[in-house]
Amino acid sequence: MHFIDVVLPIPIEKAFTYAISKREASFIRAGMRVAVPFGKSKIYTGLVYAVHNNPPEAYKPKEIDQILDEAPIVTEKQLKHWEWIASYYMCTLGEVFKAAVPSAFLLESETLILKNDNFDEVLEDNLKDDEWLVYEALQHQSMLKVHEVSGIVDRKNILPVLKRLLDKNVIKLKEEIYEQYKPKMVRYVKLAEQHASDENLNQLLDTLNKRAHKQKDVIMTLFSLEASTKKPIKIKELEEKSGASASIIKTLIDKEVLVEYHLQQDRVDFGEMETTQLKELNQYQAAALGEIKAHFKTNDVVLLHGVTSSGKTEVYVKLIEQVIASGKQVLYLLPEIALTTQLIKRLQDYFGEKVSVYHSKYSVNERVEAWNNILHNKPKAQIVLGARSAVLLPFSNLGLIIVDEEHEISFKQFDPAPRYHARDSAIVLAGMHKGKTLLGTATPSIESYYNAKREKYGFVEINRRFGDVLLPDIELTDIKDKLKKKRMNGHFSDRLMDEIHEALGNGEQVILFQNRRGFAPILECKTCGHSPQCPNCDVSLTYHQYRNQLRCHYCGYAMAMQQACQACGSSELDTKGFGTEQVEAELKEIFPKAKLGRMDSDTTKGKYGYEKIINAFEQQEIDILVGTQMLTKGLDFRNVSLVGIMNADTLLNFPDFRAHERSFQLIQQVAGRAGRTQKRGKVIIQTYNPFHQILQQASLNRYADMFSDQLNERKQFKYPPFTRIIKMVFKHKDYNKVNEASTWFAKALHTVFDAHTQTDILGPEFPPVSRIRNEYLKNIVVKVPYHQSVVQTKAAIKKIDKSFQAIAAYRSVRVIYNVDAY
């Protein structure tokens with residue numbers, strides 16, 4: 001007997017074993033997909049993990065349903081990498097598999113309802129009205145789908161109806177499987193064989209000349225196109241070039257003068273492109289490139305610390321060129337999809353068709369095609385540009401991974417599992433391929449800089465901006481003082497307004513940064529102080545003016561804007577705080593002639609949402625762009641002379657041990673968008689506390705001072721990089737259950753990690769937002785000292801988890817593990 005272990009795309013600990021025939025065993029290999037039955041009637045797409053001869057001891061193995069691939073779609077190294085992610089981030093291999101592959105690879109199965117031939121028709125009278133409707137429908141058609149039954153009985157929840165019909169033996173259920181991915185077929189046309197000889201062709205043209213001039217034009221156009229392009233001709237292209245209608249071409253196909261055929265084509269096809277020469281590096285970039293190569297001889301990871309606008313991308317491009325020349329693939333990771341639009345253009349200018357792009361705004365079919373190109377190492381997938389999920393792709397020969405803006409929090413996946421960090425996973429992936437990793441940023445994360453200082457990573461610096469442009473002049477404006485002196489117009493200080501006037505007068509552009517979307521985060525009654533709360537979460541509703549509604553940013557709940565207070569009925573309602581919408585509204589009043597744009601997650605929905613705004617700003621169709629932190633990430637605008645930060649205090653006063661580091665990074669990154677060409681840029685930071693240490697350090701560009709201050713603080717309070725953090729979140733709809741379960745778990749942790757281990761256990765405690773989507777949350781944080789084995793610590797926690805799951809009362813409480821939860 002032969003068996004296979006299959007990884008299912010669901011959170012179960014072990015691989016499941018299925019029986020296969022000898023013939024199937026000779027064909028199936030690890031990394032192929034198979035459709036397998038699981039549970040009572042479900043069919044899943046499983047990934048073959050191993051082929052062997054050992055039957056499972058605990059259960060009788062079922063047989064597989066069908067084999068879905070002719071060759072593996074997941075490589076051996078990729079599987080190894082997924083296993084590392086699953087074990088390090090304390091999740092299951094099935095969850096990594098589900099997150100990694102495009103959803104089209106996971107078969108959908110649909111439940112079909114069929115008539116049961118064994119049903120005794122004498123019992124028809126016993127059927128209720130809704131059951132009778134379904135029974136009658138099945139007399140006219142052989143099968144029904146679930147949504148069709150829903151339409152017949154006119155109810156959303158039809159499970160009770162189906163259950164009654166099953167009990168009465170009226171129906172039976174069957175699972176049907178279908179593939180989601182359909183290749184895109186493009187119609188092409190060529191001249192039929194019998195007209196290929198000169199004699200027959202002349203005869204044909206003579207005939208057409210007398211009777212059908214338009215048809216003759218089509219054939220002449222086809223010839224000239226074939227001669228000039230030397231490529232197959234699309235029917236669409238022939239229509240455009242000949243000016244003929246589709247019916248004329250159809251007539252020629254019907255007459256068998258032309259032959260129609262189909263070729264498969266990728267949905268994302270950048271076409272043939274002219275490539276330009278790589279730019280010459282200046283002396284600082286060239287020196288940095290030389291140092292990076294020297295470090296790569298001894299280190300696998302190098303940190304490139306280059307100030308904003310120092311031309312880090314050009315250094316990356318030179319490195320990419322050398323790696324591709326050696327026949328290896330390159331992965332270029334970015335924190336934000338918004339950045340890819342600008343970078344795709346730049347990389348295509350240099351490398352033409354060798355660039356593939358992969359991120360969540362792509363459709364399912366487009367992602368399948370990108371996956372297949374990377375798997376088969378095609379010429380168009382030599383350079384893969386993507387957001388964090390690109391780390392999970394099937395690379396066969398990776399030579400270099402570039403992690404741009406490595407400090408970004410967007411590289412960390414928070415929900416759902418696997419809760420991995422793309423930067424750390426990339427370093428492991430490069431190691432498996434014996435490749436190198438380059439981390440690039442203007443404001444390194446404390447951990448990366450600490451590793452560079454300890455010489456675990458190579459370290460290279462570029463301190464000069466490209467073209468020797470000076471770093472922007474950063475000015476702190478005290479809003480408290482301005483309010484006292486009545487020098488504020490809405491949320492704008494007189495300093496900021498003067499500078500905006502001057503910039504617009506010079507024909508330059510302005511970026512304003514406010515890290516909150518919506519109009520105002522709180523709506524408050526002036527009479528009784530009540531503010532509308534979300535019914536599902538413990539947060540106040542945010543007012544969105546453009547939709548005139550109050551929305552919850554956690555669960556999506558929305559209600560119409562209230563005209564009177566819900567508590568006391570007073571009509572005196574006022575908003576507290578401000579978001580990007582309010583900044584935009586105030587700008588319209590203060591600068592009525594300026595063209596405004598807003599960039600936040602409300603305005604960038606849809607596949608080309610980012611692209612439209614970025615292109616409009618690049619082409620100077622927008623004078624002032626207001627946005628959230630999307631604006632801060634590596635975008636390159638040539639004409640921005642002024643950046644305004646509306647309120648820096650919201651960044652600083654965030655309940656997180658990284659708040660100060662993040663504030664420094666955000667301010668520096670936003671400031672880096674100003675003055676990127678000849679003229680020195682200006683940055684105005686509005687704050688109630690201009691003497692705050694972080695704001696002073698950011699305005700004077702003192703990264704080293706910020707680093708040493710933060711490092712001392714973290715050493716004192718046992719935070720990374722001196723400890724590793726494992727966070728556990730307990731979730732349940734019942735408040736008391738969450739309390740009891742988390743307290744039980746904390747006691748067990750204290751028992752295992754006693755005083756000798758120096759492991760700190762904080763909690764259980766409620767987070768700042770302690771109820772989301774009607775579920776209560778409670779956190780426990782475990783701080784593991786660096787000298788202690790993390791593997792053993794996780795194993796001990798998993799052991800406690802097993803005991804925890806065995807307690808019937810706590811089984812319904814969800815426990816979420818988040819390793820390196822920052």
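# Helices, sheets and unusual backbone sites

Asn-377 has a relative accessible area of 27%, so it counts as partly exposed. Welcome to a short tour of this predicted model, starting from that residue and moving on to two open sheets, several helices and a handful of backbone details. One sheet has 5 strands with antiparallel pairing, and another has 6 strands with parallel pairing. Helix H26, at residues 790–806, gets a closer look along the way.

**Residues with positive phi**

- Asn-377 has a phi near 50 degrees, a positive value in a residue other than glycine.
- Asn-377 sits in the loop that runs between helix H14 (364–375) and strand E15 (383–386).
- Met-90 is another non-glycine residue with a positive phi, here near 55 degrees, and its place is in the loop between H2 and H3.
- Met-90 has a relative accessibility of 6%, and therefore counts as buried.
- Gln-620, just after H20, takes a positive phi of about 60 degrees.

**Cis peptide bonds**

- The bond from Ala-417 to Pro-418 is cis, with an omega near 0 degrees; Pro-418 belongs to the loop between strand E16 (398–404) and helix H15 (422–432).
- The bond from Gly-763 to Pro-764 is also cis, and its omega is near 5 degrees.
- Pro-764 lies within a strand, namely E33 (residues 760–765).

**The antiparallel sheet and its surroundings**

- The 5 strands of this open sheet follow the order E2-E1-E4-E3-E5.
- Strand E2 (16–20) and E5 are the edges, and each has a single partner strand, so one side of each has no neighbour in the sheet.
- Strand E3 (residues 33–38) pairs with E5 in the antiparallel sense through 2 bridges, and Ala-35 has Gln-66 in E5 as its bridge partner.
- Helix H3 (residues 93–100) lies across strand E1 (2–7) and strand E4 (42–52), and runs at about 115 degrees to E4.

**Asp-69, in the loop after E5**

- Asp-69 is found in the loop between strand E5 (66–67) and H2.
- Is Asp-69 buried or exposed? Its relative accessibility is 10%, so it counts as buried.
- A polar atom of the Asp-69 side chain lies 2.8 Å from the backbone nitrogen of Arg-33.
- Setting aside neighbours within four places in sequence, the contacts of Asp-69 are Phe-27, Met-32 and Arg-33.

**The parallel sheet and the helices on it**

- The 6 strands of this open sheet are ordered E19-E31-E30-E22-E29-E28.
- Strand E19 (473–478) and strand E28 (596–599) form the edges, each pairing on one side only.
- From one strand to the next, the twist averages 20 degrees.
- Strand E30 (residues 640–645) and strand E31 (residues 682–687) run parallel and are joined by 4 bridges, with Val-643 opposite Val-683 in E31.
- Helix H19 (residues 580–590) packs on the sheet and touches strand E22 (509–513), E28 and strand E29 (624–627); the direction of H19 makes about 175 degrees with that of E28.
- Helix H22 (residues 659–671) lies across E19, E22, E30 and E31, at about 155 degrees to E30.

**Helix H20 and its buried face**

- In helix H20 (residues 609–618), the buried residues are Gly-609, Tyr-610, Ile-613, Ile-614, Ala-616 and Phe-617.
- Viewed down the axis of H20, these residues fall within an arc of 160 degrees, so they line one face of the helix.
- An α-helix has 3.6 residues a turn, so residues three or four places apart point the same way.

**Helix H26, one side in and one side out**

- H26 has 17 residues and spans 25 Å from its first C-alpha to its last, close to the 24 Å expected at 1.5 Å a residue.
- Which residues of H26 are buried? They are Val-790, Thr-793, Lys-794, Ala-796, Ile-797, Ile-800, Asp-801 and Phe-804.
- Those residues cover an arc of only 160 degrees around the axis, which puts them on the same side of H26.
- On the other side of H26, the exposed residues are Val-791, Gln-792, Lys-799, Lys-802 and Ala-806.
- The buried residues of H26 pack against two helices and three strands: helix H2 (76–88), helix H25 (735–752), strand E32 (723–732), strand E35 (775–785) and strand E36 (814–819).
- Ser-789 caps the N-terminal end of H26, with a side-chain oxygen 3.4 Å from the backbone nitrogen of Val-791.

Conventions
Residues are numbered from 1 along each chain as its sequence is written. This is a predicted model: local features need pLDDT of at least 70, side-chain atom pairs count only at pLDDT 80 or more; totals for chains, interfaces and linings use all residues. Side-chain values use heavy atoms; hydrogens and water are left out. The expected span of a helix is 1.5 Å times one less than its number of residues. Buried means under 20% relative accessible area, exposed over 50%, partly exposed in between (1.4 Å probe, protein chains only). The arc is that of the directions from the helix axis to the C-beta atoms. Contact means heavy atoms within 4.5 Å. A polar contact is a pair of N or O atoms within 3.5 Å; within protein, one must be able to donate a hydrogen and the other to accept it, and residues adjacent in sequence count only if both atoms are side-chain atoms. Two strands pair if DSSP finds at least two bridges between them. Axes are lines fitted to C-alpha atoms, for helices over the stretch in contact, and angles run from 0 to 180 degrees between N-to-C directions.
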